[in-house]
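This report describes one protein chain, its helices, its pocket and its ring pairs. Please view the sequence and the structure before reading on.

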Amino acid sequence: MRTANPVFTSSTFQQPEGWTPATILGGGEVAPREDVMTVRGTALKTLYLVALTIVAAVASWSYYVAHPGAIIVAFVLSIVGSAVFWLVVIKSPKTAPITVPIFALF
């Protein structure tokens, strides 16, 4: 995939030859990594999160149409929920596979 962004060159998404944390620390056998970032994986995860956001927007609009007076409560709850899950992701990135989709729904 071609891009004009200078950060995303063809070597950005490939693992350097023979490098693993074990080689830097001087121990262990060198094994190829399988968890390397790819453009396709990033695009699919982004598409997934955008789809979740669209689902939440449609649900919010439907709720607004059915209950116009209660939308302020839903709005405040969505802001508070978003802030809480944003802070959780910032403080503990390892929880991102679970918390980011919930954040997208808020």
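In this predicted model, the buried residues of helix H4 are Thr99, Pro101 and Ala104. They pack against helices H2 and H3. One of these buried residues, Ala104, also appears in the lining of the largest pocket.

**Overall fold**

The chain has four helices and zero strands, and its order along the sequence reads α-α-α-α. Of its 106 residues, 10% are buried. Among contacts with a separation of 6 or more, 41% join residues 24 or more positions apart. The chain exposes about 8,700 Å², and carbon and sulfur atoms supply 72% of that area.

**The largest pocket**

The space in the largest pocket comes to about 250 Å³. Which helices each supply at least two residues of its lining? They are H2, spanning residues 39-66, H3, spanning 71-91, and H4, spanning 96-105. The largest contribution comes from H2, which gives five residues. The lining includes Thr53, Ala56, Ala57, Ser60 and Tyr63, and further along the chain Ile71, Ala74, Phe75 and Ser78. Ala104, Leu105 and Phe106 are also lining residues.

How many of the lining residues are nonpolar, polar and charged? Nine are nonpolar, three are polar and none is charged. Thr and Ser are not on the list of nonpolar or charged types, so Thr53, Ser60 and Ser78 count as the polar residues of the lining.

**Aromatic pairs**

The chain contains two aromatic pairs. In one of them, the ring centres of Trp61 and Tyr64 lie 5.4 Å apart and the planes meet at 45 degrees, so the pair is tilted. The angle falls between the limits of 30 degrees for stacked and 60 for edge-to-face, which means that neither of those labels applies. Both residues belong to helix H2 and are three residues apart, about one turn of the helix.

Are Trp61 and Tyr64 buried or exposed? The table gives the values.

| Residue | Relative accessibility | Class |
|---|---|---|
| Trp61 | 57% | exposed |
| Tyr64 | 36% | partly exposed |

Exposed requires over 50% relative accessible area, so Trp61 at 57% meets that limit. Tyr64 at 36% lies between the 20% and 50% limits and therefore counts as partly exposed.

Helix H2 thus holds the tilted pair of Trp61 and Tyr64, gives five residues to the lining of the largest pocket, and is packed against by the buried residues of H4.

Definitions and conventions. Residues numbered from 1 in each chain as written. Predicted model: local features only at pLDDT ≥ 70, side-chain atom pairs only at ≥ 80, totals over all residues. Heavy atoms only, no water. Buried < 20%, exposed > 50% of the residue type's maximum accessible area, 1.4 Å probe, protein only. Contact = heavy atoms within 4.5 Å. Areas by Shrake-Rupley, 256 points an atom, 1.4 Å probe, with all protein chains shown as cover. 1 Å grid on protein atoms, 1.4 Å probe; cavity = no way out; pocket = protein on both sides within 12 Å on 5 of 7 lines; lining within 4 Å. Points joined across faces, edges and corners; volume = space filled by probe spheres on them. Phe/Tyr/Trp six-rings, centres within 6.5 Å; stacked < 30°, edge-to-face > 60°.
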